[in-house]
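Let us take a friendly walk through this structure, starting from a small backbone detail and working outward to the chains.

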Amino acid sequence: MVYKSPSQRIFSIVNVTFLSLLSIACILPMVHILAVAFSGKAAANANLVNFWPIDFTVDAFRKTFQNRNFVSSMGISVFRTLLGTLIFLVLLMITSYPLSKEQRVFKGRSLYIWYFVITMLFSGGLIPSYILILKLGLNNTIWALVLPGAVDVFSLILMLNFFRNIPKELEEASHIDGASHFTTLFRVYLPLSLPAIATLALFTMVGHWNSWFDGMIYNTKSENYPLATLLQTIIVQQDFSKITMDPKALADISNRTVKAAQIFIGALPILLVYPFLQKYFVKGVILGAVKE
Amino acid sequence: MNKAAYETKSGWNWKRNWQLHAMMVPAVVAILIFAYVPMLGVIMAFQDFKPWLGIGGSKWVGWDNFHKIFGQEDSLQVVWNTVILSAWKIAAGLVVPFVFALLLNEVRKLAFKRTVQTLVYLPHFLSWVILGGILIDMLSVDGGMVNRFLHNVFGIEPIFFLGNGDWFRFTVVVSHVWKEFGFGTIVFLATLAGINPSLYEAAVVDGANRWKQTLHITIPAMMPITIVIGTLALGGILNAGFDQIFNLYNSMVYEKGDIVDTFVYRTAIVQGNMGFGTAVGLFKSVIGMFLIVISYRMAYVWANYRIF
């Protein structure tokens with residue numbers, strides 16, 4: 001037992017109290033929204049609910065799942081998340097592998113690197129990208145949501161730095177055994193990089209699930225809205241002009257408990273993957289920091 | 001092919017390397033279409049662009065759109081709003097995680113430390129749509145939980161957090177810090193874990209208490225990474241957080257809360273003023289590019305930081 005002076009003891013108590021209060025402050029808004037979602041309509045509208053449901057009921061969740069717009073938007077979100085992450089991962093793998101080679105082995109590497117890095121420095125901005133999607137005819141399709149962000153240069157740099165830390169002897173050995181680059185990538189590099197891949201995949205999935213702006217500007221029909229965009233339109237903007245919805249569901253949406261239930265369901269997948277995320281992301285954040 | 005031949009082989013070596021080039025093709029094409037083509041699209045900034053006429057058919061207006069940016073009071077106000085919001089966010093976003101990491105580092109109970117970390121990292125992963133929905137409800141003047149609390153405990157009249165310009169800026173900065181400070185501590189905690197324990201042992205032998213140790217060992221050890229994060233953040237000073245502003249603002253706070261990105265969205269996509277919107281975006285991109293280059297250069301000179 002380490003001896004503690006009285007002043008140290010006081011600091012310790014104050015410190016722990018302060019840290020506890022701050023930590024609780026980080027989840028209070030979610031707790032509040034959950035309490036409202038499970039409360040009776042009257043209590044919620046009278047502003048009585050704080051952090052514990054009053055007149056407990058699951059009515060709000062039942063109404064939310066009866067709303068066909070909500071359920072189909074959720075489907076679109078799931079689909080875009082899976083498709084977007086798949087495309088992202090495939091491109092990430094096959095692109096960072098060649099770039100992890102030395103310039104003297106893979107001539108042209110620095111040219112490729114500059115080609116990608118320039119896009120980190122300069123971008124055409126929102127409007128040219130928007131016009132491009134319209135001209136390509138991708139609006140109102142899922143491709144407008146998954147293709148523009150399919151190559152992320154920052155993830156590419158993280159991944160290629162990770163690949164560089166894999167001993168070169170492994171590649172040489174597989175090469176001598178007659179393996180092609182494709183075989184080496186998928187049979188040697190891929191299995192060794194699973195933690196890094198998991199990190200980047202989880203980040204991408206969260207990004208796709210949370211993404212709402214592209215869904216809003218590239219879709220003229222509200223049937224194509226992913227969940228985040230639908231929530232943005234009906235709860236944050238409270239703009240019902242773009243939404244085609246049956247009148248009964250429309251009446252429910254202005255109901256505070258139903259709103260809270262929808263917000264909570266929108267956040268639920270993130271809360272569910274969070275434990276896995278936490279296991280990896282600390283590694284992910286410092287992933288690029290260590291170089292050979 | 002033996003190892004020596006493999007290593008000394010120079011030139012393009014197509015026989016073996018065609019596969020590497022083939023792997024590059026999909027990403028090169030994707031970047032070409034979705035990053036380089038929009039870069040060419042910035043010529044719209046010099047046109048009175050109409051989507052149905054296209055770049056070939058729209059009327060050229062030279063620098064008119066840029067004259068408009070500097071001639072209009074509201075576009076200058078928007079740039080100023082962006083800079084001031086960013087500056088506050090960068091400063092607070094640096095100080096709070098720094099102090100938080102120091103305090104958390106003083107805690108010896110591992111279970112408590114982990115619990116705190118789990119809770120404070122969480123808001124980073126929730127989107128501004130979700131948080132916007134929650135905040136609009138909680139900060140409402142008409143019975144929102146925060147105003148009810150302030151009234152019941154301190155007897156304060158309801159505050160227009162999202163309806164008054166100055167309170168809006170305050171709310172934006174505080175909610176940003178609330179969302180991101182936990183995540184910001186990760187890098188600091190990693191740095192703290194990397195400090196050589198023998199430094200502290202030597203300090204104890206010399207009679208330094210915890211406070212002296214923090215002042216003379218911990219804080220100096222955290223300086224390089226703090227400088228890196230700070231300078232790199234300066235490169236993004238024209239990004240004041242589109243997602244957050246867009247999900248919290250309303251027409252009542254445009255004067256003090258509108259930023260470049262939300263302004264571009266409204267003038268170009270909502271009002272259809274595409275040429276002007278592109279010009280504002282281009283202005284932002286060019287300034288941003290210089291800032292990024294300068295900030296990476298500063299991070300390299302001051303803290304020996306390299307991205308590659």
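Asn140(A) counts as partly exposed, because it has 13 C-beta neighbours inside 10 Å, and a residue is called buried only from 20 such neighbours upward and exposed at 12 or fewer. Please keep in mind that the model is predicted. The residue sits in the loop that links α6 (126-136) to α7 (143-146) of chain A. Its phi is near 65°, a positive value in a residue other than glycine.

Asp55(A) also has a positive phi, about 55°, although it is not a glycine. You will find Asp55(A) in the loop between α2 and α3 (59-66) of chain A. Asp55(A) is partly exposed, because 14 other C-beta atoms lie within 10 Å.

**Domains of the two chains**

Chain A is divided into domain 1 (6-57) and domain 2 (60-287). Their centres, taken over C-alpha atoms, are separated by 32 Å. In the contact, nine residues come from domain 1 of chain A and ten residues from domain 2 of chain A. On the domain 1 side, α1 (6-37) and α2 (41-45) of chain A are the elements that give two or more residues, and α1(A) gives the most, with five residues. That side of domain 1 consists of six nonpolar residues, two polar and one charged.

For chain B, the assignment gives domain 1 (14-60) and domain 2 (64-303). Here 33 Å separate the domain centres, again taken over C-alpha atoms. Seven residues of domain 1 of chain B are in contact with six residues of domain 2 of chain B. The domain 1 side has five nonpolar residues, one polar and one charged.

**Where the chains meet**

How many residues of chain B are in contact with chain A? The contact joins 69 residues of chain B to 68 residues of chain A. Several helices of chain B give two or more residues to this side, including α5 (73-105), α9 (165-193) and α15 (274-303). The most comes from α2(B), with 15 residues. By class, the chain B side has 48 nonpolar, 16 polar and five charged residues.

The largest nonpolar core has 121 residues, and those touching the most other members include Ala37(A), Met159(A), Ile263(A) and Val264(B). Helix α4 (residues 68-99) of chain A provides the largest share of this core, eight residues. Ile263(A) is a good place to look at the packing: leaving out residues up to four places away in sequence, it touches Ile33(A), Leu231(A) and Ile235(A), together with Ile130(B), Gly133(B) and Ile134(B).

**Annotated spans**

An unreviewed UniProt entry annotates "transmembrane region" in chain A at residues 12-38, 78-99, 111-136, 142-163, 184-206 and 260-277. For chain B, UniProt (unreviewed entry) places the feature "transmembrane region" at residues 20-46, 83-104, 116-136, 181-200, 221-242 and 282-303. The table shows some of these spans in the model.

| Span | Helix | Strand | Distance between end C-alpha atoms |
|---|---|---|---|
| Residues 78-99 of chain A | 100% helix | 0% strand | 31 Å |
| Residues 142-163 of chain A | 68% helix | 0% strand | 31 Å |
| Residues 20-46 of chain B | 78% helix | 0% strand | 40 Å |
| Residues 83-104 of chain B | 100% helix | 0% strand | 31 Å |

Methods:
Residues numbered from 1 in each chain as written. Chains lettered and ligands numbered in written order. Predicted model: local features only at pLDDT ≥ 70, side-chain atom pairs only at ≥ 80, totals over all residues. Domains from an automatic or database assignment. Contact = placed C-beta atoms within 7 Å. Helix = DSSP H or I, 4+ residues; strand = E, 2+ residues; numbered from the N terminus. Nonpolar A, V, L, I, M, F, W, Y, C, P; charged D, E, K, R; others polar. UniProt positions renumbered as here; feature names shortened; annotations may be inferred. Core = buried A, V, L, I, M, F, W, Y, C linked by C-beta atoms within 7 Å.
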